[in-house]
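Student: Could you take me through one part of this structure closely, and then set that part in the context of the whole chain? I would like a connected account rather than a list.

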Amino acid sequence: MIRRRNSRLLVLVPALAGLAVAGCGTGGNQSANGTNQSGEPVRDQQDLVSSEYEVVRAMLDLAGVTANDLVADLGSGDGRIPILAAKERGARGLGVEIDRARIRQSNANASAAGVATRVQFRQQDLFQTPLNDVSVLTLFLLPEINLQLRPRILAQMKPGARVVSNTFDMGDWRPDQTRTVGRTTIFLWVVPAEVAGRWRLTRGGGSTELVLTQNYQDISGSAGGNPIAEGQLQGDRIAFTANFGQGPQRLEGQAADGRMRGNGWEAVRISRP
Ligand SMILES: C[S@@+](CC[C@H](N)C(=O)[O-])C[C@H]1O[C@@H](n2cnc3c(N)ncnc32)[C@H](O)[C@@H]1O
């Protein structure tokens with residue numbers, strides 16, 4: 001079935017048992033909570049684990065999926081996430097799956113759902129998939145795979161793009177939101193703009209140096225030599241509190257292409273770290 005097994009897949013296959021044990025939903029023959037009558041996790045006919053439909057809908061909700069989105073599911077199984085995104089949200093969908101039989105099944109499912117023209121399935125190693133055009137990325141993979149994907153997500157996806165994961169987190173990248181659906185936890189991250197470095201900040205006719213340190217969506221640093229506080233990014237929207245000598249002031253704005261602009265202030269990047 002899988003001709004070109006690679007080392008990553010070999011790592012994933014035995015570990016899928018771990019996904020079931022972790023209480024993830026399954027496709028096919030399942031009870032409402034993904035267990036059989038003995039309380040054991042059940043698996044679908046392909047011996048692979050799928051997100052429950054209730055969880056898929058909650059993931060699409062959490063990411064705020066609309067018809068403007070390209071929703072990509074890495075390790076797309078039977079295709080249910082991109083198919084539901086297309087059918088119920090009008091989005092375009094992309095499924096990336098290593099298993100050829102699941103690609104065939106996904107294409108049949110997309111046709112049956114009437115969304116074959118809006119959803120594409122690609123037989124590919126998920127680590128080879130470019131993410132630049134993806135506005136919503138969905139994952140139901142192992143934690144170590146999430147961690148391996150994290151640098152590619154941050155480097156390739158645009159600020160404001162959303163990532164939703166069923167059950168597994170992203171290590172020290174704090175989720176922007178978490179939701180519980182039955183016994184399943186889902187996580188949302190919004191890809192932050194990259195703002196670390198030195199900036200020349202201009203406001204009210206004067207200018208000062210702004211130095212920013214970034215830890216994903218959290219920012220710290222100084223403005224005019226005084227520490228800034230409560231620095232946050234959500235996508236390309238930045239907010240922080242600075243003290244220019246007249247007490248704390250909240251600055252809010254947008255960051256793009258080495259510039260930040262807000263109401264009554266702007267900043268130009270001088271250097272990166
Ligand atoms: C737990 S299932 C999730 C299916 C679907 N995303 C969902 O939530 O219902 C993980 C899927 O990832 C696929 N997979 C595993 N390793 C992969 C790889 N390296 N590249 C692409 N797909 C992979 C498996 O074949 C399996 O279908």
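Student: Which residues does Asn146 touch, leaving aside residues up to four places away in sequence?

Tutor: This is a predicted model, and what follows should be read with that in mind. Asn146 belongs to helix 5, which spans residues 143–156. Leaving aside residues up to four places away in sequence, Asn146 touches Leu139, Leu141, Ser165, Phe168, Asp169 and Met170. Among these neighbours, Asp169 also offers its backbone oxygen, which lies 3.0 Å from a polar atom of the Asn146 side chain. The relative accessibility of Asn146 is 0%, and because buried means under 20% relative accessible area, Asn146 counts as buried.

To place this residue in the wider chain, it helps to begin with the overall figures. The chain has 273 residues, 49% of which count as buried, and its secondary structure consists of five helices and 16 strands. Taking the contacts in the chain with a separation of 6 or more, 55% are made by residues 24 or more positions apart. The accessible surface of the chain is about 12900 Å², with 47% of that area belonging to carbon and sulfur atoms.

Burial can also be followed through a whole element, and helix 3 is a useful case. Helix 3 covers residues 80–89, and seven of its ten residues are buried, so this helix is largely enclosed by the rest of the structure. The buried residues are Arg80, Ile81, Pro82, Ile83, Leu84, Ala85 and Ala86. As for what surrounds them, the buried residues of helix 3 pack against two helices, helix 2 (53–62) and helix 4 (100–112), and against strand 1 (70–74), strand 2 (92–97), strand 3 (119–123) and strand 4 (136–139). Just after helix 3 comes Gly90, whose phi is positive, at about 75°.

From enclosed residues one may turn to open space. The second largest pocket holds about 300 Å³ of space. Its lining is made up of 20 residues, of which Pro159, Pro192, Ala193, Glu194 and Arg269 are the closest to the centre of the pocket. Strand 14 (248–256) and strand 15 (259–262) are the elements that give two or more residues to this lining. By class, the lining of the second largest pocket comprises twelve nonpolar, two polar and six charged residues.

To return to the part you asked about, Asn146 is a buried residue of helix 5, with a polar atom of its side chain 3.0 Å from the backbone oxygen of Asp169.

Key:
Residues are numbered from 1 along each chain as its sequence is written. This is a predicted model: local features need pLDDT of at least 70, side-chain atom pairs count only at pLDDT 80 or more; totals for chains, interfaces and linings use all residues. Side-chain values use heavy atoms; hydrogens and water are left out. Helices (H or I, at least four residues) and strands (E, at least two) are DSSP runs, numbered from the N terminus. Buried means under 20% relative accessible area, exposed over 50%, partly exposed in between (1.4 Å probe, protein chains only). A polar contact is a pair of N or O atoms within 3.5 Å; within protein, one must be able to donate a hydrogen and the other to accept it, and residues adjacent in sequence count only if both atoms are side-chain atoms. Contact means heavy atoms within 4.5 Å. Accessible areas come from the Shrake-Rupley method with a 1.4 Å probe; for residues, only the protein chains shown count as cover. On a 1 Å grid over the protein atoms alone, a cavity is a set of points where a 1.4 Å probe fits but cannot get out, and a pocket is an open set with protein on both sides within 12 Å along at least five of seven lines; lining residues have an atom within 4 Å of a point. Grid points are joined across faces, edges and corners, and a volume is the space filled by probe spheres set on the points. Ala, Val, Leu, Ile, Met, Phe, Trp, Tyr, Cys and Pro count as nonpolar, Asp, Glu, Lys and Arg as charged, and the others, Gly among them, as polar.
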